[in-house]
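Colleague: Please take a close look at salt bridging in this one for me. Start with what counts as a salt bridge, then walk me outward from there.

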Amino acid sequence: MKEDIREKLKKFKDKDTMLSKQHALKFKDLLAQEMHQQKSKKNHLKWLSIAASIVLLISIGIQWYPSKNTEKITESKQKNLTSKEITLGNISPEFQTIETYYTNSIKLELSQLDLSEENREIVDEYLLKISELTKEYKLLTQELNTKGVNDTTIDALIRNLQLRLQLLQRLKKQLEQLKNLNTQNNETQII
C-alpha cells in the first residue's frame with residue numbers, strides 16, 4: 001500500500017496526445033474574447049459609478065442650496081424664538097441636556113448642604129457669590145435674547161453654570177473639613 005509516488009509515475013505511460021495545428025490560434029482567440037468582455041464590464045461599471053457620484057453631488061447641492069422658502073422658514077423660526085425667551089436649553093437638545101445637568105447638579109448640591117450656626121458665615125459667603133453668578137446668568141440670557149445666539153454668550157452661560165457647581169462643591173468640601181476639624185477638636189478636648 002505504501003509505494004513511492006515516483007515509482008508509480010515511472011510506471012505511468014502517457015499516451016501521446018496530439019494537439020491540433022490550430023490549437024495556439026484557438027487559444028489566442030478565446031483569450032482575446034474573454035479579455036474584451038471584461039473590459040466592457042469594467043467600462044460599464046465605471047460609467048455607472050460616475051453617474052451615481054454626479055447624482056449624489058446634485059442631491060447634496062439641492063439640499064444645501066439656499067432658497068427663498070428656506071429663508072422664510074428660518075425667519076419665521078427666529079420670530080417665534082424671539083417672541084419666546086431664548087434660553088440655553090431652547091437653542092438645541094445638546095445645550096438643553098447641558099443646562100439640565102448643571103441646574104439639577106446645583107440644586108442637588110444645595111439640598112445636600114449641612115447648615116449649622118458654626119458654618120453659617122462660610123455658607124452665606126458662598127451663597128452670595130452664587131447669587132451674583134445667578135444674576136449674571138440672567139443678564140447673559142437677556143443678552144442672548146437681544147443680540148442673538150452667538151458662541152461667546154453660549155460659552156459664558158455654560159462657564160457660569162460650571163462655576164456655580166464648582167463653588168458649591170468647594171463649599172461642600174470646606175464644610176466637611178470644618179466638620180472633621182470640629183470633631184477632632186472635640187476628641188482632643190475629651191481626652
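Modeller: Sure. A salt bridge here means a side-chain nitrogen of Lys or Arg within 4 Å of a carboxyl oxygen of Asp or Glu. Keep in mind that this is a predicted model. With that cut-off, the structure holds one salt bridge. The partners are E109 and K172, and their closest N and O atoms are 4.0 Å apart. In general, side chains of opposite charge can pair when their charged atoms come close.

What does that pair connect? It ties together distant parts of the chain: E109 belongs to helix α5 (residues 93–111) and K172 to helix α7 (residues 151–190), with their positions 63 residues apart in sequence. The two ends don't sit in equal cover, either. E109 has a relative accessible area of 11%, so it counts as buried. K172 comes out at 27%, which makes it partly exposed.

Now follow helix α7 a bit further. R164 lies in this helix, and its relative accessible area of 9% means it is buried. R164 is 59 residues from S105 in sequence, yet their C-alpha atoms are 9.8 Å apart in space. The charged end of R164 has a ring to sit over: Y137, whose centre is 5.0 Å away. N160 is also part of helix α7; at 3% relative accessible area, it is buried too. N160 and Y102 are 58 residues apart in sequence, with 9.8 Å from C-alpha to C-alpha.

Y102 is worth a stop of its own. Its relative accessibility is 14%, so it goes down as buried. It is also in an aromatic pair: counting rings whose centres lie within 6.5 Å, you get one such pair in the model. The members are Y101 and Y102, with ring centres 5.1 Å apart; their planes meet at 70°, so the arrangement is edge-to-face. The cut-off behind that label is an angle over 60 degrees.

There's another charge-over-ring contact to mention: K129 lies over the face of Y126, 5.5 Å from the ring centre.

For the wider setting, the protein chain has seven helices and zero strands, so you're looking at the pattern α-α-α-α-α-α-α when you read along the sequence. Buried residues account for 17% of its 191 residues, and E109, at 11% relative accessible area, is one of the buried ones.

On the surface you'll find a nonpolar patch made of W47, I50, I54, I58 and I62, which together offer about 550 Å² of accessible area. I62 lies in helix α2 (residues 23–64) and is exposed, because its relative accessible area is 62%.

Last, how far to trust the picture. Mean pLDDT for the protein chain is 76, and 73% of the residues score at least 70. Among the chain's elements, helix α6 (residues 120–147) has the highest mean, 87, and helix α3 (residues 68–83) the lowest, 52. Where pLDDT is low, the predicted coordinates should not be read in detail.

Notes
Residues are numbered from 1 along each chain as its sequence is written. This is a predicted model: local features need pLDDT of at least 70, side-chain atom pairs count only at pLDDT 80 or more; totals for chains, interfaces and linings use all residues. Side-chain values use heavy atoms; hydrogens and water are left out. Rings of Phe, Tyr and Trp (its six-membered ring) pair if their centres lie within 6.5 Å; planes under 30 degrees apart count as stacked, over 60 as edge-to-face and the rest as tilted. Buried means under 20% relative accessible area, exposed over 50%, partly exposed in between (1.4 Å probe, protein chains only). A charge sits over a ring if NZ of Lys or CZ of Arg is within 6 Å of the ring centre and within 35 degrees of the ring normal. pLDDT is the predictor's confidence in each residue, from 0 to 100. Helices (H or I, at least four residues) and strands (E, at least two) are DSSP runs, numbered from the N terminus. Patches are made of residues with over 30% relative accessible area and no salt bridge: like charges are joined within 9 Å, nonpolar side chains (Val, Leu, Ile, Met, Phe, Trp, Tyr) within 5 Å. Accessible areas come from the Shrake-Rupley method with a 1.4 Å probe; for residues, only the protein chains shown count as cover.
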